[in-house]
Amino acid sequence: MDHPETGERLTLGRLTLKGNCGEFLYAPELVKRGGWVPDPINYPLRAEPYTGITKNRGVPGFINDAMPDGWGERLLHRVYGRDLGPIDFLLKSPNNDRIGNLMAGTTRPIR
């Protein structure tokens, strides 16, 4: 994410999906430093993972908001020509086309 208070690019956490059940874990560095998180009500900062997430195909709401809408999903289906899941939608839609400060990737940002 791009931190909204400092502008720093850092890893927010890790999302793991098994079917339509998700687990979200905040990055240990973020937990240690404390501060801003995108959804302090439903996902306050903590070291323990949030497990058993079933809404939004297993994707926490604040991440789901950064995903393509129905039209964007149809475009990605057209481009990739196969069945895509939530992680695919996150990874195959460009980060520079998102609204907000969340980005998706399989590696940590360069500091």
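Strand 1 and strand 2 form a hairpin with 2 residues between them. Gly 19 sits in the turn and has a positive phi of about 65°. Strands here are DSSP runs of E with at least two residues, helices are runs of H or I with at least four residues, and both are numbered from the N terminus. The model is predicted: local features need pLDDT of at least 70, side-chain atom pairs count only at pLDDT 80 or more, and totals for chains, interfaces and linings use all residues. Residues are numbered from 1 along each chain as its sequence is written, and side-chain values use heavy atoms, with hydrogens and water left out.

The two arms of the hairpin pair in the antiparallel sense over 6 bridges, with strand 2 covering residues 21-26. Two strands count as paired if DSSP finds at least two bridges between them. Lys 18 stands opposite Cys 21 in strand 2. Leu 17 faces Gly 22 of strand 2. Thr 16 is placed opposite Glu 23, again in strand 2.

The hairpin belongs to an open sheet of 3 strands, with the order 1-2-3 and antiparallel pairing. Strand 1 (13-18) and strand 3 (50-53) stand at the edges, each with a single partner strand, so one side of each is left without a neighbour in the sheet. Neighbouring strands of this sheet are turned by 15° against each other on average, direction ignored. Such angles are taken between axes, which are lines fitted to C-alpha atoms (for helices over the stretch in contact); angles between N-to-C directions run from 0 to 180 degrees. Strand 2 and strand 3 pair in the antiparallel sense over 2 bridges. Phe 24 has Tyr 50 of strand 3 as its bridge partner.

Across the whole protein, the secondary structure comes to 4 helices and 3 strands. Along the sequence the pattern is β-β-α-β-α-α-α. The protein has 111 residues, of which 33% count as buried. Buried means under 20% relative accessible area, exposed means over 50%, and partly exposed lies in between (1.4 Å probe, protein chains only). The accessible surface comes to about 7,100 Å², and 51% of this belongs to carbon and sulfur atoms. Areas come from the Shrake-Rupley method with a 1.4 Å probe; for residues, only the protein chains shown count as cover. Among contacts (heavy atoms within 4.5 Å) with a separation of 6 or more, 48% join residues 24 or more positions apart.

Glu 23 lies in strand 2. With a relative accessible area of 28%, Glu 23 is partly exposed. Not counting residues up to four places away in sequence, Glu 23 touches Arg 14, Leu 15, Thr 16, Pro 49, Tyr 50, Thr 51 and Ile 53. Gly 58 is 35 residues from Glu 23 along the chain, yet their C-alpha atoms are separated by 7.5 Å.

A search of the whole structure finds 4 aromatic pairs. Rings of Phe, Tyr and Trp (its six-membered ring) pair if their centres lie within 6.5 Å; planes under 30 degrees apart count as stacked, over 60 as edge-to-face and the rest as tilted. The rings of Phe 24 and Tyr 26 have their centres 4.9 Å apart and their planes at 85°, so this pair is edge-to-face. Both residues, Phe 24 and Tyr 26, are buried. Tyr 43 and Tyr 50 also form an edge-to-face pair, 4.9 Å centre to centre with 70° between the planes. Tyr 43 is buried at 12% relative accessibility. Tyr 50 is buried with a relative accessible area of 9%. Phe 24, Tyr 26, Tyr 43, Tyr 50 and Phe 62 form one aromatic cluster.

His 3 lies in the segment before strand 1. At 5% relative accessibility, His 3 counts as buried. The side chain of His 3 reaches the backbone nitrogen of Glu 5 at 3.1 Å. A polar atom of the same side chain, that of His 3, lies 3.4 Å from the backbone nitrogen of Thr 6. A polar contact is a pair of N or O atoms within 3.5 Å; within protein, one must be able to donate a hydrogen and the other to accept it, and residues adjacent in sequence count only if both atoms are side-chain atoms. Leaving out residues up to four places away in sequence, His 3 touches Glu 8, Leu 10, Arg 33 and Trp 36.
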